[in-house]
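Colleague: I've got this model open and I'd like a close look at one part of it. Could you walk me through the pockets, and then the elements around them?

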Amino acid sequence: MIKIGIIGMSTGNAHPYSWSSIINGKYDGEEIARKGYPAVTAYLKANEDTLGLPDARVTHVWTQDAGISKSIAASSGIDHVAEKATGMIGHVDAVILARDDAEFHLEMAIPFVEAGIPLFIDKPLAIKQEDMDWFEQQQANGKFIMSCSSMRYANECRVVRQDLASLGKLELVTAVGKKDWLKYGVHMIEAMFATLDDPKVATVQHIGEKGRDVVHIVFENGLPATIHLFMDISGTFQLTFFGQQAWRMADIKNSYSMFRDNIIEFVRSVQEGKPGLDFSKTKNIIQTVIAAEESRLAGGKIIHLK
């Protein structure tokens, strides 16, 4: 049984509640809804028959707010509320850093990385190149660091991926989503890149504006792609793949399924002693996120990635 610690909480991100419930197989829907996450209650209730992982359990939780930590523990059946994040070192086999504001990731990750504890970090891993460089160096030194958007495991994209050959030569890929670039751009990038088998990026250019982000990407194989991320747009996350013979759309709606598959992959990776997701794929994605913001701040300059 792998003992997992959950740390961190950020505004609007209910992963400490939902992921703990998916792993432990227990949830208090009324409490989760009362805390402001009725959609989480809805998808947990709809998938009650698949809650719980036989080989893992969240045994410890810590967030910046003791009241929230206790709420998560009570809701998800977590035995221990840590007084500080590092207090769970020596008592857990792995840690999930569940907050998605990347500016805090490095500071919170350091003690667990130094302690050699396998660590999953919520997307995006980093939004500054110096932070990304540190994580890359630690990974190169043999530390267990895994990070991605759960959209890598979206069933809607997997269906498209199995049909890609039938589309003929791809001419264009587009993605449309909502909210801000630095937190949510990684969702669209991860889903797109995973569906395309993680091609390397040649250039990135931001051709929109803050809050109405439009990013143009050209892969090393010459395929162009655009990502449109608007703060106030309606709808979900959609990707469209246009080939010379046919086209397919992935309309991503099943959050529960991709969260569960992501957690299962992390647990399996801990069991095997190394991340199942190659870190070079994460680097390719995070550098694209960072390059787009660099391009925006430089007035739409084309950024060349090595």
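Modeller: Here's a walk through the pockets first, followed by a sheet and some helices. Keep in mind that this is a predicted model.

Let's start with the largest pocket, which has a volume of about 740 Å³. Its lining is made up of 31 residues. If you want to find the middle of it on screen, pick out Lys-179, Tyr-184, Phe-237, Ser-255 and Phe-259, since these lie nearest the centre of the largest pocket. Four helices each give two or more residues to that lining: α1 (15–24), α3 (38–46), α8 (181–195) and α9 (255–272). Of the elements, α3 provides the largest share, with four residues. As for chemistry, the lining is a mix: 13 residues are nonpolar, twelve are polar and six are charged.

The second largest pocket holds about 190 Å³ of space. You can click through its whole lining: Leu-164, Lys-169, Leu-170, Glu-171, Leu-196, Pro-199, Asn-221, Gly-222, Leu-223 and Pro-224. Sorted by class, that gives six nonpolar, two polar and two charged residues.

Now for the sheet. Seven strands make up an open, mixed sheet, and going across it you meet β12, β11, β7, β10, β9, β8 and β13 in that order. The two edges are β12 (247–252) and β13 (303–304), each of which pairs on one side only. At the β13 edge, its partner is β8 (residues 201–206), and the two run antiparallel, paired over two bridges. To see how they line up, look at Val-204, which stands opposite Ile-303 of β13. Over at the β12 edge, helix α7 (residues 155–163) lies across β11 (237–243) and β12, and α7 runs at about 165° to β12.

One more piece is worth a look, a pair of packed helices. The axes of α6 (residues 129–140) and α10 (residues 279–297) come within 11 Å and cross at roughly 175°. Angles over 145 degrees count as roughly antiparallel, and α6 and α10 are therefore roughly antiparallel to each other. On the α6 side, the contact is made by Gln-129, Met-132, Phe-135, Glu-136 and Gln-139, while α10 brings Phe-279, Lys-283, Ile-286, Gln-287 and Ile-290. Between α6 and α10, the contact residues comprise five nonpolar, three polar and two charged.

Definitions and conventions:
Residues numbered from 1 in each chain as written. Predicted model: local features only at pLDDT ≥ 70, side-chain atom pairs only at ≥ 80, totals over all residues. Heavy atoms only, no water. Axes fitted to C-alpha atoms, helices over the stretch in contact; angles between N-to-C directions. Parallel < 35°, antiparallel > 145°, perpendicular 65-115°, else oblique. Contact = heavy atoms within 4.5 Å. Nonpolar A, V, L, I, M, F, W, Y, C, P; charged D, E, K, R; others polar. 1 Å grid on protein atoms, 1.4 Å probe; cavity = no way out; pocket = protein on both sides within 12 Å on 5 of 7 lines; lining within 4 Å. Points joined across faces, edges and corners; volume = space filled by probe spheres on them. Pairing = 2+ DSSP bridges.
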